[in-house]
Amino acid sequence: MIWQAKRMMTKLDIYIKFTNALAVAVIVSVGWICYELYFKSIGIYNVPWKNAWIIPAFWKVLSFSLLCVICALWAPSQNSMW
């Protein structure tokens with residue numbers, strides 16, 4: 001009975017960390033969208049083609065960082081073999 005409660009607390013801890021990571025990703029996404037809209041409205045990114053890679057690269061980096069968080073949180077361990 002005690003080990004079940006400990007296991008549930010461990011799961012809760014993992015889900016809380018994942019929720020926090022998702023919240024940070026949403027906040028960063030909204031911030032980036034505002035940044036992108038501002039600079040597209042003043043026309044800074046329309047002229048230099050050398051900066052065109054920044055906008056899609058941000059989304060790829062953000063999704064890769066979320067994947068790394070998921071891999072770190074749900075990594076196999078000795079305790080998960082129970």
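**View 1. Helix H1 helps cover the buried residues of H2.** In this predicted model, helix H1 (2–42) is part of what covers the buried residues of H2. H2 itself takes in residues 54–73, 20 residues in total. From first C-alpha to last, H2 reaches 28 Å, close to the 28 Å you'd expect at 1.5 Å a residue.

**View 2. The two sides of H2.** Zoom in on H2 and you'll find Ile55, Phe58, Leu62, Leu66 and Leu73 buried. They sit on the same side of H2 because they span an arc of only 70° around the axis. As a reminder, an α-helix has 3.6 residues a turn, so residues three or four places apart point the same way. Flip to the other side of H2 and Lys60, Val61, Phe64 and Ala72 turn up exposed.

**View 3. Glutamate 36, a buried residue of H1.** Here we're on helix H1, home of glutamate 36. Its relative accessibility is 15%, so glutamate 36 counts as buried, the cut-off being under 20%. Skip the neighbours within four places in sequence, and glutamate 36 is in contact with Ile55 and Trp59. Ile55 should look familiar: it's one of the buried residues in H2.

**View 4. A nonpolar patch with isoleucine 16 in it.** Met9, Leu12 and Ile16 make a nonpolar surface patch of about 290 Å². Isoleucine 16 belongs to helix H1. With 42% relative accessibility, isoleucine 16 counts as partly exposed, because that label goes to anything between the buried limit (under 20%) and the exposed one (over 50%).

Note on methods: Residues numbered from 1 in each chain as written. Predicted model: local features only at pLDDT ≥ 70, side-chain atom pairs only at ≥ 80, totals over all residues. Heavy atoms only, no water. Helix = DSSP H or I, 4+ residues; strand = E, 2+ residues; numbered from the N terminus. Expected span 1.5 Å × (residues − 1). Buried < 20%, exposed > 50% of the residue type's maximum accessible area, 1.4 Å probe, protein only. Arc of directions from axis to C-beta. Contact = heavy atoms within 4.5 Å. Patch = residues over 30% accessible without salt bridge, like charges linked within 9 Å, V, L, I, M, F, W, Y side chains within 5 Å. Areas by Shrake-Rupley, 256 points an atom, 1.4 Å probe, with all protein chains shown as cover. Salt bridge = Lys/Arg side-chain N within 4 Å of Asp/Glu carboxyl O.
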